[in-house]
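Here are my notes on this one, written as I went through it. Have the structure open next to you and follow along point by point.

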Amino acid sequence: WHTIHEIVKRASALPRSEILDTVIRGCLMRIAQLELMRDNVDATIAAYEEILQRYPDDEEITLPARLTIGLLHERTLQYGDAIDAYSLVLPSLSSRIAAQDPEMYLVAIPFHFARMHKHSVHAHKRDEAYRRARECYQTIVKKFPDSKVGAAAVSYLAALLADQNQWQALDQLLHQQIAVHAQSPELPQYIHTRAVALHERLGDTARARALMEDLIAKYPNHEVTPQSRFELARMLFAQNQNEPARQMLKQVIAADEANNPGLAARAHEELALSYEREGEWNFALNEYRWIAKQYEVFPPALKALLRVAEHYAQKNEIALAAKAYGEAVAYYQGLITKYPRSMLAALAQEHIANCFIAQERWDEAAAAASGIESILDNTVGKVSTSLLLGNIYESSGQTQRAVKVYNEFMQRYPQHPLVDMLKEKVLKLTNS
């Protein structure tokens, strides 16, 4: 590392030549890569910025440099700097994506760029960011038809349209893709996505169900088909066809228990919710407890026992609710012990805080929220702790503490997309 720095220093002092430029450029790239391997974020960014300063017109080197700078700033929640880096990359991003063995993370960059504007209070900036991201994806779709890259770009484009509640435009996009790619291996995915949008957002469950049933019949072995069966069951529930829906979910569980346990967990969750809607609480309770026991690493398990406690609380069964909250807390503490210093443990700790919040046990809730950061000692943990702690203080009427937490958050993460919203919140709290 020191040797490479010394080479750069000595070569820079010599009269400039093409050979020396090649040596210096290679050395600077190696320095940046070494710093990245060491996880030295600031040093990596500094190394890449030196490359940009020395070779501003060399797109072969500036594009990956800006991409890495953007990714590192995003990772450390310096969203303003990340936006600046990505903004310079978007116009030529499609040229960076290879037709063979593409780096799929590149396809996600425009989506990240737009999403970092999602909570902006400046509507014109948000709309412009989404417009630029959509244009980038439209270029990628045209350049890479009938490919994994093109299909991913369509999915991201659909998500951007959904973010902006442009449901008719989303349906038109997917309808067009289905027509254009009638023989494509990606066709079932397009049909699936369109059917879900028709059901969930446009309220056309009958047409959505017909599309999904046709997809399942024509492509019984496609990788998207298990998810399609799950979504079809949800459509059947929406049409009050409860028993056929449950039979469909049981098929999903039987087929995917081993290969796709996450989907099986969601199927059990839908079964529990359906029993709960019909007042069959004992059946629902059995499903919730089974989920917690069998699928502890999947999201439905985290919600299951909390949902049991919430049910008793809503029914005003105070003793049963208190017991259920206690069982939920013990369950989450078990997950923290079993999976220490993991995202699952941090989410379990957050659910412990939620159990105490639901019971208005504010001091215990605040203590639990503060524990998230000690489990997940990174920016995600710090952000989660601050926002949850501020919400606890706010909900419990401890306004000064809430304002203090929010102000500290804004000082620590001045470029976070929630800063504008928190400024308004602090203003309201201090003036109330």
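1. Let's start at Leu20, keeping in mind that this is a predicted model. Setting aside residues up to four places away in sequence, Leu20 touches Ala11, Leu14 and Pro15. Leu20 itself sits in helix 2, which covers residues 18–37. Is Leu20 buried or exposed? Its relative accessibility is 19%, and the cut-off for buried is under 20%, so Leu20 counts as buried.

2. One spacing to look at while you are there: Val8 and Leu20 are twelve residues apart along the chain, and their C-alpha atoms are separated by 9.3 Å.

3. Helix 2 also holds Val23. With 35% relative accessibility, Val23 counts as partly exposed. Together with Ile7 and Ile19, Val23 forms a nonpolar patch on the surface, and the accessible area of the three comes to about 260 Å².

4. Now for the interior. How many residues does the largest nonpolar core have? There are 122 of them, and the ones with the most contacts inside that core are Tyr137, Ile140, Tyr288 and Tyr332. A separate core of 23 residues lies apart from it, with Ile4, Cys27, Val41 and Ala65 among its members.

5. Tyr137 deserves its own point. Leaving out neighbours within four places in sequence, Tyr137 is in contact with a run of residues at Val107, Ala108, Ile109, Pro110 and Phe111, and also with Ala153, Tyr156, Leu157 and Leu160. Two of those partners come back when you look at the rings: Phe111, Tyr137 and Tyr156 are linked into a cluster by ring pairs.

6. On aromatics more broadly, searching the whole structure turns up seven aromatic pairs. One of them joins Tyr275 and Phe283, with 5.3 Å from centre to centre and 40° between the planes, a tilted arrangement. The two partners fall into separate burial classes: Tyr275 counts as buried at 13% relative accessibility, whereas Phe283 is partly exposed, with a relative accessible area of 48%.

7. Last one: why is the pair of Phe409 and Tyr413 tilted? Their ring centres are 5.2 Å apart and the planes meet at 55°, so the pair goes down as tilted. Phe409 is buried, at a relative accessible area of 2%, and Tyr413 is buried too, at 4%.

Notes. Residues are numbered from 1 along each chain as its sequence is written. This is a predicted model: local features need pLDDT of at least 70, side-chain atom pairs count only at pLDDT 80 or more; totals for chains, interfaces and linings use all residues. Side-chain values use heavy atoms; hydrogens and water are left out. A nonpolar core is a set of buried Ala, Val, Leu, Ile, Met, Phe, Trp, Tyr and Cys residues joined through side-chain atoms within 4.5 Å. Buried means under 20% relative accessible area, exposed over 50%, partly exposed in between (1.4 Å probe, protein chains only). Contact means heavy atoms within 4.5 Å. Helices (H or I, at least four residues) and strands (E, at least two) are DSSP runs, numbered from the N terminus. Patches are made of residues with over 30% relative accessible area and no salt bridge: like charges are joined within 9 Å, nonpolar side chains (Val, Leu, Ile, Met, Phe, Trp, Tyr) within 5 Å. Accessible areas come from the Shrake-Rupley method with a 1.4 Å probe; for residues, only the protein chains shown count as cover. A salt bridge is a side-chain nitrogen of Lys or Arg within 4 Å of a carboxyl oxygen of Asp or Glu. Rings of Phe, Tyr and Trp (its six-membered ring) pair if their centres lie within 6.5 Å; planes under 30 degrees apart count as stacked, over 60 as edge-to-face and the rest as tilted.
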